[in-house]
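Hi,

Here is the structure I promised to pass on. Have a look at it first, and then read my notes below.

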Amino acid sequence: MTTAPAQATSMPAERPLGVAEHFMWLMNQNHPTHSATAIEVAGPTEVHEWRTALNTLQHRHALLGARIRDSGDGPRLSFGHAAQIPLRVTDLAATGWQHELATEMRHGVDAAAMPPVRAVLLYSPERCALVLVAHHAVVDGLSQAFLARDLLTLVSGGSIEGAAEGHPGHPVDHFLAREIAAAATTLPSDMDIPLSDRPGSYRTPDPDAALSIDAATLNRTQTAALREHARAEGTTVHGAVASAALGAAAELNADWSTVPLRVHSPLSLRGLLPAPAEGMGNILAPATTGQVGKWSDPWEAARSFTDTLAPFRRKSALLQSLALWTGVFQNRPAPADMAGMLAAAAPHELLLTNLGALPIGTSYGSLTLKSLWGPSVLFGFEGEQTLGLNTLAGTLRILHTSFSPVPELLELTRERLLSAIGGTG
């Protein structure tokens, strides 16, 4: 989190990773857990304007130029490095954002040696697309949406107001230190991270493996109907998508029709933070639920999923989760130990990451943000299917990422959503 103090202060040379940052850094040591988003933009731009905008944001948000070094006292963020955010430029007419996103997701982010963010610009004079890739310890999915917004503001000739320029801000646990400490006192002395009876297994890294990227949209009318139906049925859009995806998976894979499928849903901690809760950072807590995909009533399945996830969303539970992981990291687990712990504690077949209704606009001077896709992220489990959701200007977009995609999963998920609201298209 990089909400800076109201008054500018001198930038430290380094600081320790916060608990959420530490979690993702450890995971990345074993299996790359970077994330990516893509935007499509209409309107005239020049390549040098994108380069200048990235430089401006890197100067403003110190995290965008930071490095993560593993010191004797644990991993730390170091600041003041001169290297620019890498920007690769290609011809929009010769490629597409899905191809470029897949290419970038197959290669990790070495935050020890390079800036934790890189970009690919698919350029033409009147239209372009931009793929943003980031180390998940430093930038989460919603932070990437804010980064896209600020880039468009600068490229279109606007200016950015906000946090003290150049200050790296603080991790989420800085703001919640007292509450996390209080939550720690409520944890049972013998409490441990609950483990699954079906541990996950990690896929063997293969630099030549093909990564599938598929995309689907519900138009504004369909998205509004889905939101209204979900509210009337006592659930959420997140629950409805989970229900549809679980049902689709059970229909397409007989092995998944009788066993509970594990769904991992990253939960935002922004609601616990003092305003403004924007900026760069990783501000997430993990939550994994299990549910059988075969239901006769999709809304009953959606309510069941939402009800199962609800206890994880409570402030007390989020604070206890932070307290528990803080205790884990005080013991300095090795990356391999952390990977084994996650495989036992949070294995999943479906990673459902939802940015919700994006609090960003679509008009930036002469530029129009036509779409934002993502986030795309993988934790590295064998057979993992990721659905990245966001709603921009009333339109729901779903991005499917997988090294071993279930054929037609996204198409059937969309069909089930439309069927649930009585629509077609």
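What follows is a short run through some helix contacts and two buried residues.

First, the ground rules: this is a predicted model, with local features needing pLDDT of at least 70 and side-chain atom pairs counting only at pLDDT 80 or more, while totals for chains, interfaces and linings use all residues. Residues are numbered from 1 along each chain as its sequence is written, and side-chain values use heavy atoms, with hydrogens and water left out.

Helices (H or I, at least four residues) and strands (E, at least two) are DSSP runs, numbered from the N terminus. Let's start with helix α1 (residues 19–30) and helix α11 (residues 335–345): their axes come within 8 Å and cross at roughly 100 degrees. Axes here are lines fitted to C-alpha atoms, for helices over the stretch in contact, and angles run from 0 to 180 degrees between N-to-C directions. That crossing makes α1 roughly perpendicular to α11 (under 35 degrees is roughly parallel, over 145 roughly antiparallel, 65 to 115 roughly perpendicular, and the rest oblique). On the α1 side the contact (heavy atoms within 4.5 Å) uses F23, L26, M27, Q29 and N30, and on the α11 side P335, A336, M338, A339 and L342.

The other pair is helix α8 (residues 237–252) with helix α9 (residues 298–313), whose axes come within 8 Å and cross at roughly 125 degrees. α8 and α9 are therefore oblique to each other. α8 brings H238, G239, A240, A242 and S243 to the contact, and α9 brings residues including W299, F305 and R313.

What about helix α2 (residues 47–60)? Its 14 residues should span 20 Å at 1.5 Å a residue (the expected span is 1.5 Å times one less than the number of residues), and the end C-alpha atoms are indeed 20 Å apart. Buried in α2 (under 20% relative accessible area; exposed is over 50%, partly exposed in between, with a 1.4 Å probe and protein chains only) are W50, R51, A53, L54, L57, Q58 and R60. These buried residues pack against β2 (35–42), β5 (87–91), β6 (117–123), β7 (127–134) and α4 (141–155).

L63 sits in the loop between α2 and β3 (67–71) and is buried, at 0% relative accessible area. L63 and P116 are 53 residues apart in sequence, yet 7.9 Å apart in space, C-alpha to C-alpha.

Lastly, T353 in strand β13 (residues 350–357) is buried at 9%. Beyond its neighbours within four places in sequence, T353 contacts P266, P375, V377, T386, L387, G388 and L389.

Cheers
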